[in-house]
Amino acid sequence: MASDRQRLQPRKQPRQARAELTRQRILEAAAHVFADHGYAAGTTNRIAARAGVSIGSLYQYYPSKDALLLALTTAHIDSGMAAARRLRADTLPDALEDIIRVFVRTTIGNHTGHPQLLRVLLERAPRTPELMAKIYAYEEASVAFVEALLGRHPEVRVGDTHTAARLVVSTRELLVHQLVAPPAPVDVPRFENELVAMLTRYLTTAPAPGPLG
């Protein structure tokens with residue numbers, strides 16, 4: 001277990017601006033190499049060459065390509081969390097459909113910059129306890145925000161706003177992950193419209209009556 005943690009943890013924490021620039025250059029190179037060549041062919045030698053550093057310099061920062069994948073995944077989640085915080089701080093539209101569109105568009109925007117890389121991250125990045133804790137915290141904050149919004153919005157007709165909030169957050173995240181990234185990405189504007197319509201209809205349709213007596 002200890003060896004696994006050592007294989008995934010960065011070795012060197014930059015303390016100078018030059019070292020931080022080198023670390024960022026290595027991560028950017030890793031993102032391009034994984035996107036262009038996939039996981040198996042995305043070797044540390046290729047990444048070092050793309051970054052313009054020696055393989056020894058790369059290993060001073062990251063002990064393996066899985067450590068690079070983990071760092072890229074963490075940065076991706078941090079970007080999503082920052083976008084979510086900005087969304088929660090902004091003034092949202094009045095109409096529920098417009099609010100859902102803001103949510104969906106924000107999520108799509110965080111996943112369309114490097115769709116090939118996203119596929120590699122989803123399929124091959126190590127799932128450490130720290131990463132999973134970050135993901136769960138992100139999801140719970142999103143659910144709490146959506147639940148509070150649903151509870152006070154006059155257009156919402158669902159009875160159980162907590163379950164509805166979980167469904168909205170999970171559906172948005174999972175479908176964007178599955179359908180925006182290769183190998184068969186959908187047309188993004190059409191996907192956005194369909195997902196917004198689906199979630200809006202779900203939230204604004206009165207629940208079916210329960211079984212009689």
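Angles under 35 degrees count as roughly parallel, over 145 as roughly antiparallel, 65 to 115 as roughly perpendicular, and the rest as oblique. Axes are lines fitted to C-alpha atoms, for helices over the stretch in contact, and angles run from 0 to 180 degrees between N-to-C directions.

The model is predicted: local features need pLDDT of at least 70, side-chain atom pairs count only at pLDDT 80 or more, and totals for chains, interfaces and linings use all residues. Residues are numbered from 1 along each chain as its sequence is written, and side-chain values use heavy atoms, with hydrogens and water left out.

**Exercise 1. Find out which elements the chain contains.**

Step 1. Helices (H or I, at least four residues) and strands (E, at least two) are DSSP runs, numbered from the N terminus.
Step 2. Counting them gives 10 helices and zero strands.
Step 3. Now for burial: buried means under 20% relative accessible area, exposed over 50%, and partly exposed in between (1.4 Å probe, protein chains only). Of the 213 residues, 42% count as buried.

**Exercise 2. Work out how α9 and α10 are oriented to each other.**

Step 1. Take the angle between α9 and helix α10 (residues 188-204), which is about 165°, with the axes 11 Å apart.
Step 2. The two helices are therefore roughly antiparallel to each other.
Step 3. For handedness, a crossing is left-handed if the near helix is turned anticlockwise from the far one by less than a right angle, and right-handed if clockwise. The crossing of α9 and α10 is right-handed.
Step 4. Look at who meets whom, where contact means heavy atoms within 4.5 Å. Residues of α9 including Leu167, Leu175 and Leu179 meet residues of α10, among them Phe191, Leu195 and Leu199.
Step 5. Sort this contact by class: Ala, Val, Leu, Ile, Met, Phe, Trp, Tyr, Cys and Pro count as nonpolar, Asp, Glu, Lys and Arg as charged, and the others, Gly among them, as polar. The result is 13 nonpolar, one polar and one charged residues.

**Exercise 3. Do the same for α2 and α3.**

Step 1. Their axes come within 8 Å and cross at roughly 125°.
Step 2. That makes α2 oblique to α3.
Step 3. This crossing is right-handed.
Step 4. On the α2 side the contact includes Ile26, Val33 and Phe34, and on the α3 side Arg46, Ile47, Arg50 and Ala51. By class, there are seven nonpolar, two polar and four charged residues.
Step 5. Zoom in on Arg50, which counts as partly exposed because its relative accessibility is 45%. Beyond its neighbours within four places in sequence, Arg50 is in contact with Ala29, His32, Val33 and Asp36.

**Exercise 4. Locate the largest nonpolar core and say which helix gives the most to it.**

Step 1. A nonpolar core is a set of buried Ala, Val, Leu, Ile, Met, Phe, Trp, Tyr and Cys residues joined through side-chain atoms within 4.5 Å.
Step 2. The largest one has 26 residues, and those with the most contacts inside it are Ile26, Phe34, Ile47, Tyr62, Leu68 and Leu72.
Step 3. At least two residues come from each of α2 (17-37), α3 (44-51), α4 (55-61), α5 (65-89) and α7 (115-124). The most come from α2, with nine.
Step 4. A second, separate core of 25 residues includes Ile99, Phe103, Val158 and Leu195.
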